[in-house]
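Hi,

Here is the structure I promised to pass on to you. Have a look at it first, and then read on for what turned up in it.

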Amino acid sequence: MEHKSTEKVRCLIIGSGPAGYTAAIYAARANMNPVLYEGIQPGGQLTTTTDIENFPGYPEGISGFDMMEDFKKQALRFGADIRIGIATSTDFSDTLLKVVIEDEKVIEADTVIIATGATAKYLGLPDEAQYAGMGVSACATCDGFFYRKKKVAVVGGGDTACEEALYLASLAEKVYMIVRKDHLRASNIMQQRVAETPNIEVLFEHNTLGLFGEHGVEGARLVKRKGEPDEEIVEIEIDGFFLAIGHTPNSKIFADWLETDETGYINTVPGTPRTNVPGVFAAGDVADPVYRQAITAAASGCKAAIEAERYLLENGIRCNG
Ligand code: NDP
């Protein structure tokens, strides 16, 4: 396809969560004149959570949206060029790295920092959207605190679901795990911890039909052993409904060039944000299936900008203009 225009930049950052904005702050302060495209969800996943209480520096907590506005303002203050737009394809076959924006503009970059994040999977029920921020969450670490001494359910049977259930069990009165199979997929140790936690009840062979409640979530309607002769409808009283059925890293447009694990998380050299393509760095959740926190994403964005600066210096590309 014919592209309308081409622009040359030293440092292109794709994504606007904590990783992207932190990379922009560092790159701008290092005179790299970074250009950042915000992507589909400006501010990233944090803008869909409620209050952030575990990010150091905000003793009173802060809304995810406000925190990301602060990150953005800080990047703008140092001259980062922050733009609305979505990267739609890439060509990393040459040292001049090409990224196409909205299928029409080509950015030719000396360095690219990928901070496109990951997207939590949802079941696809209309009720999940209706109760978003009113009892439905995909992050126990972010929102669990609001359910102290309450009843919650976690959907999923993997390591994340077990981890979230265990975390929630330390706060909530009761935690249900809604598991579609008759066994957990999680590692043995996680299964054992769940089994040893008295206030977790695992509902095997249950699927969620919907949620109900007048002022936020008050319960879930489940079906047990769907399609079997003994199929049964079950209702549980809950105040919170947590999805833990996996995340999808937003790495599709890089798949032709970058090595990923089987789920699509970008592989980086351990302890660094370096990918298999020189000059391309990955930061935040797109390269992190394990920690997935705002603070760890921000830290990896910082590392990516420092690595990008080093790469420019090593390749004789000046950063003083
Ligand atoms: P997984 O893919 O391992 O597990 C997803 C779970 O969600 C499965 O139980 C799956 O069910 C269930 N599920 C998926 N879709 C649906 C649906 N539509 N309805 C109901 N249930 C559904 O994802 P995780 O996020 O748990 O883990 C991702 C990776 O990260 C894994 O490799 C894991 O080991 C790792 N990890 C490790 C941790 C640790 O070591 N501490 C912590 C967290 C993650 P089913 O089993 O039926 O397919």
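Start with the ligand and Gly158: a polar backbone atom of Gly158 is 3.3 Å from an oxygen atom of the ligand. Keep in mind as you read that this is a predicted model.

Two side chains make polar contacts with the ligand as well. Arg185 brings a side-chain N or O atom to 2.5 Å from a ligand oxygen. With Glu163, the partner on the ligand is a nitrogen atom, and a polar side-chain atom of Glu163 lies 3.1 Å from it. How much of the ligand does the protein bury? On its own the ligand exposes 920 Å², and 70% of that is buried by the protein.

Now zoom out a bit to the surroundings. The ligand sits in the second largest pocket, and 13 residues surround it. Arg185 turns up again here, as one of the closest, together with Gly157, Asp159, Thr160 and Arg180. If you sort the shell by type, you get five charged residues, five polar ones and three nonpolar ones.

Last, something away from the ligand topic: aromatic rings. Searching the whole structure gives five aromatic pairs. One pair is Phe55 with Phe71, which is edge-to-face, with 5.8 Å from centre to centre and 70 degrees between the planes. These two link distant parts of the chain, 16 residues apart. Phe55 is in the loop between strand E3 (51–52) and strand E4 (62–63), while Phe71 belongs to helix H2 (residues 64–77).

Cheers

Note on methods:
Residues are numbered from 1 along each chain as its sequence is written. This is a predicted model: local features need pLDDT of at least 70, side-chain atom pairs count only at pLDDT 80 or more; totals for chains, interfaces and linings use all residues. Side-chain values use heavy atoms; hydrogens and water are left out. A residue is near a molecule or strand if one of its heavy atoms lies within 4 Å of it. A polar contact is a pair of N or O atoms within 3.5 Å; within protein, one must be able to donate a hydrogen and the other to accept it, and residues adjacent in sequence count only if both atoms are side-chain atoms. Accessible areas come from the Shrake-Rupley method with a 1.4 Å probe; for residues, only the protein chains shown count as cover. On a 1 Å grid over the protein atoms alone, a cavity is a set of points where a 1.4 Å probe fits but cannot get out, and a pocket is an open set with protein on both sides within 12 Å along at least five of seven lines; lining residues have an atom within 4 Å of a point. A molecule sits in a cavity or pocket if more than half of its atoms lie within 2 Å of its grid points. Ala, Val, Leu, Ile, Met, Phe, Trp, Tyr, Cys and Pro count as nonpolar, Asp, Glu, Lys and Arg as charged, and the others, Gly among them, as polar. Rings of Phe, Tyr and Trp (its six-membered ring) pair if their centres lie within 6.5 Å; planes under 30 degrees apart count as stacked, over 60 as edge-to-face and the rest as tilted. Helices (H or I, at least four residues) and strands (E, at least two) are DSSP runs, numbered from the N terminus.
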